[in-house]
Amino acid sequence: MPQEPLAISAPTPEPRPNSPEAFAEVVMRKLTYAVGKDPIVARRHDWLKATILALRDWVVDKWMESTRQTWSHGDKRVYYLSLEFLIGRLLRDAMCNMEMVDSVRAALATFGVDLGDLVELEPDAALGNGGLGRLAACFMESMASVQVPAYGYGIRYVHGLFRQEISDGWQVELPEDWLAHGNPWEFERRESTYEIGFGGKVITTEHEDGTFSHTWEPADHVHAVAFDTPIVGWRAARVNTLRLWSAQPIDPILLDRFNEGDHIGALAESSKAEALTRVLYPADATEAGQELRLRQEFFFSSASLQDILRRHLQQFKTLDNLPDKVAVQLNDTHPAISVAELMRLLIDEHGMKWEKAWKITVATMAYTNHTLLPEALETWPVSMLERLLPRHMQIVYAINAQLLAEARKKLKVDDMHLGNISLIDEVAGRRVRMGALAFVGSHSINGVSQLHGELMKVSVFKNLHELYPDRINAKTNGITPRRWLKQCNPRLSSLIRSRIGDAFLDDAERLSDLRAHAKDPDFQKQFMQVKNDNKADLAALIKERTGITVSAGAMFDVHVKRFHEYKRQLLNIIETVATYDAIRAHPERDWVPRVKIFAGKAAPSYWNAKLIIKLINDVAKVVNSDPAVRGLLKVVFLPNYNVSLAEAIMPAADLSEQISTAGMEASGTGNMKLGLNGAITIGTLDGANVEMLERVGEDNIAIFGLTAAEVAEVRSHQRPPTSTISENRDLKDAINAIRSGAFCSDDPQRYNDLMTGILDYDWFMVARDFSSYWQAQRMIDALWRDQSKWAEMAILNTANMGWFSSDRSIREYAKDIWGAKST
């Protein structure tokens with residue numbers, strides 16, 4: 001975004017006319033002078049770039065206005081640090097929020113250009129993996145919509161996570177090339193460049209008064225260069241900034257080595273720097289991969305904090321009031337090193353005393369936890385931190401000494417208990433617990449659903465909660481209804497407007513006005529017609545991308561999310577196999593036609609997750625080609641799940657699979673997107689499903705399975721589920737079929753270990769929840785046969801999803817955590 005002015009002197013520009021004629025004129029100028037193309041020879045990608053650049057002018061006007069307003073009023077700013085921002089395509093989002101869709105469409109039509117074609121041509125920004133990154137993107141849009149002055153800070157990945165292709169049923173990871181042709185939305189900010197150091201040594205100086213100062217002399221340096229993207233709020237209420245950091249070398253080429261003939265070695269520094277921002281989540285199975293991850297996390301954390309302090313000092317001249325004007329939100333443990341880095345900057349760079357710096361750090365920082373899995377709370381070897389970030393390791397030791405002294409004094413505990421509280425895990429090879437560091441260095445630690453907040457207190461942060469009982473709270477996740485209803489499902493949005501007016505566009509909770517229409521046969525018919533039209537669109541996409549023909553008249557049973565064993569795609573596909581067996585064994589029964597739709601990526605090094613993807617595709621190959629099934633069951637895996645694919649799937653879903661092992665999903669947001677679009681949820685009492693049950697009512701959701709407490713109880717006994725499996729023939733036969741190679745004749749032992757994991761221990765409760773899941777699915781079948789009842793339930797799901805707007809989430813953060821203004 002534009003650099004903040006030292007004084008407000010620039011005149012406010014006159015509002016631009018947003019008529020089709022005015023916009024067409026700007027598009028033509030951009031096409032001619034910015035793209036350099038004559039309209040006679042311009043291709044679709046030329047028109048796309050010209051359209052984005054034209055729309056960007058309107059956005060920039062509001063961006064500058066928002067910046068000046070924050071500066072002149074001295075408002076508190078929120079800084080949202082996240083390793084992921086899954087923002088997706090921005091053209092439709094910006095047009096919608098600027099209320100210019102009709103003008104843009106009409107303007108392009110005068111040139112014979114179809115807006116829909118251009119929207120589909122824009123690449124997805126490959127800046128995230130799953131729910132974590134999409135939540136950050138929704139929050140950025142909502143902060144602008146409710147007028148919270150905010151910056152998002154992250155990394156400008158060249159290739160992002162990866163582009164997923166399926167070859168012979170296996171996931172294949174290919175580089176994502178979303179930046180291959182540039183990004184017309186972004187602005188490079190050369191003036192916002194910071195030096196980031198690694199390695200080296202710490203020089204300690206003793207002063208005459210007996211105090212010490214420390215100077216870190218890094219051995220390696222890279223530049224962090226800022227690239228800004230404007231994020232538009234609803235009705236252009238405000239435009240905030242997403243600032244992404246690109247790593248660039250201090251010396252792009254070692255000319256002496258190049259001239260000596262070492263042409264590759266001369267570029268080593270460039271390669272080393274560029275590796276920092278090339279790929280999201282590099283595989284960490286090797287020490288080199290782990291080191292790269294740590295470097296990434298420190299790189300963007302340090303650059304962001306240096307930028308925050310520079311901006312604050314530019315306006316307020318002192319750091320004493322930092323917590324009054326700055327709120328830093330750490331999105332998960334990835335930016336946890338920020339606690340030590342802010343302390344280093346305040347003490348070493350700005351001469352602040354330890355006690356004061358610590359008070360300011362804790363008051364400024366807040367931490368959002370996204371997982372109850374201990375293995376997902378990052379830890380780094382002490383030896384690696386000492387080598388890469390020696391000064392920060394000193395600071396971590398000092399924080400830890402302070403923490404343990406406080407715990408000993410307040411809790412009166414023994415050394416074993418202190419070991420559980422310590423920031424250093426001495427049991428697992430001396431590792432720094434980054435989640436604990438984020439907890440100790442923050443004044444607020446929030447879970448992302450009510451259940452998650454409560455479980456944190458008795459699980460991953462039990463000991464720290466005893467020491468700081470007032471820090472843990474819960475802020476249930478939300479989604480932006482602009483993208484996930486108005487934009488991705490225009491048919492449903494138009495239908496809703498025809499019944500209850502436009503109020504829900506500004507206040508999603510006004511969707512509750514639909515409740516009065518849920519039993520109306522005419523509205524039910526219209527609602528289901530919208531669903532069927534969306535399903536026909538998705539069926540065409542499935543045919544195009546997979547070659548599989550599906551019927552829009554079948555139930556679209558959707559399970560789309562990142563692949564992980566706790567998300568239990570395995571439970572779903574085992575139930576699919578059991579259903580397949582039952583259809584063949586009992587053709588006389590009235591089976592409900594179903595299309596099982598899976599999508600999602602597995603981490604490159606997560607073998608079991610990748611094996612489950614292969615299993616789904618193997619099962620699909622057999623089921624879809626078996627004439628005995630008579631088209632009653634189809635299995636589809638849609639590759640390369642991203643925001644744009646989600647926008648096609650969510651409006652078409654009938655059934656939403658939210659079947660994680662209870663107590664393991666922090667919240668989930670796919671459940672909200674699907675529910676908002678009229679899908680009925682089948683799920684466990686996990687994450688935000690608990691609050692969805694409260695909002696939609698038990699008659700409009702299918703809950704099954706063990707509770708979190710029951711899962712913990714079962715695990716405590718460490719017994720195999722032998723009797724559970726032997727007593728359920730459907731489950732036993734399905735497991736045996738998969739284990740024996742019925743779906744993989746080319747490699748009959750392929751799934752033996754996967755099934756053995758269920759037989760021997762069943763950590764994720766696949767066997768133990770199967771019977772309940774099967775019964776819930778048969779109840780879903782019965783509901784589907786009564787299409788009037790199904791329509792009523794679907795309408796009530798949409799009507800009761802307004803509370804899950806990210807606008808509500810952000811207002812809660814602003815009021816309870818950040819102390820920032822919002823509308």
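Modeller: Let's start with one term: two residues are in contact when heavy atoms of theirs lie within 4.5 Å. Please also keep in mind that this is a predicted model.

Colleague: Good to know. With neighbours within four places in sequence left aside, which residues is Met143 in contact with?

Modeller: With those neighbours set aside, Met143 touches Val78, Tyr80, Val148, Ala150, Asn240, Ile810 and Trp818.

Colleague: And how do I read a nonpolar core?

Modeller: The general idea is that nonpolar side chains tend to be buried together in soluble globular proteins. In this model the largest nonpolar core has 156 residues, and Met143 is among those with the most contacts inside it, along with Phe23, Val148, Ile196, Trp245, Phe299 and Trp818. Helix H2 gives this core its largest share, ten residues. There is also a second, separate core, made of 123 residues, with Ala582, Val592, Ala791 and Ala794 among them.

Colleague: Let's turn to aromatic rings. How is a pair of them described?

Modeller: Two quantities do the job: the distance of the centres and the angle of the planes. This model comes to 26 aromatic pairs. Take Trp47 and Phe111: their ring centres are 5.1 Å apart and their planes meet at 25°, so the pair is stacked, since planes under 30 degrees apart count that way.

Colleague: Where do Trp47 and Phe111 lie?

Modeller: Trp47 belongs to helix H2 (residues 44–73), while Phe111 is in the loop between helix H4 (101–109) and helix H5 (115–121), so the pair ties together parts 64 residues apart in sequence. Trp47 is buried, because its relative accessible area is 6%. Phe111, at 28%, counts as partly exposed.

Colleague: Now another pair: how are the rings of Phe198 and Phe298 arranged?

Modeller: Their centres are 5.8 Å apart and their planes stand at 75°, so this pair is edge-to-face. Phe198 sits in strand S5 (residues 187–198) and Phe298 in helix H9 (residues 287–316), so to speak a link between distant parts of the chain, 100 residues apart. Phe198 is buried, with 1% relative accessible area, and Phe298 is buried at 1% as well.

Colleague: Which residues do ring pairs link into a cluster?

Modeller: Tyr79, Tyr151, Tyr153, Tyr194 and Trp245. Trp245 also appears among the residues with the most contacts inside the largest nonpolar core.

Colleague: Which charged residues lie over Trp803 and Trp774?

Modeller: Arg695 lies over the face of Trp803, 4.1 Å from the ring centre. Over the ring of Trp774 sits the charged end of Arg778, at 4.3 Å from its centre.

Colleague: Let's move to pockets. How many residues line the second largest pocket?

Modeller: Its lining has 17 residues, and Phe212, Ser213, His214, Ile347 and Arg391 lie nearest its centre. The space in this pocket is about 400 Å³. Strand S7 (212–217) and helices H11 (338–349), H12 (354–364) and H14 (390–411) each supply at least two residues of the lining.

Colleague: Is Glu349, in helix H11, buried or exposed?

Modeller: Glu349 is exposed, because its relative accessible area is 51% and exposed means over 50%. The C-alpha atoms of Glu349 and His214 are 9.6 Å apart, although 135 residues separate the two along the chain.

Colleague: One last residue: where is Asp618, and what is it in contact with?

Modeller: Asp618 is in helix H24 (residues 607–624). At 4% relative accessibility, Asp618 counts as buried. Leaving aside neighbours within four places in sequence, its contacts are Phe743, Cys744, Arg750 and Tyr751.

Terms used
Residues are numbered from 1 along each chain as its sequence is written. This is a predicted model: local features need pLDDT of at least 70, side-chain atom pairs count only at pLDDT 80 or more; totals for chains, interfaces and linings use all residues. Side-chain values use heavy atoms; hydrogens and water are left out. Rings of Phe, Tyr and Trp (its six-membered ring) pair if their centres lie within 6.5 Å; planes under 30 degrees apart count as stacked, over 60 as edge-to-face and the rest as tilted. Helices (H or I, at least four residues) and strands (E, at least two) are DSSP runs, numbered from the N terminus. Buried means under 20% relative accessible area, exposed over 50%, partly exposed in between (1.4 Å probe, protein chains only). A charge sits over a ring if NZ of Lys or CZ of Arg is within 6 Å of the ring centre and within 35 degrees of the ring normal. A nonpolar core is a set of buried Ala, Val, Leu, Ile, Met, Phe, Trp, Tyr and Cys residues joined through side-chain atoms within 4.5 Å. On a 1 Å grid over the protein atoms alone, a cavity is a set of points where a 1.4 Å probe fits but cannot get out, and a pocket is an open set with protein on both sides within 12 Å along at least five of seven lines; lining residues have an atom within 4 Å of a point. Grid points are joined across faces, edges and corners, and a volume is the space filled by probe spheres set on the points.
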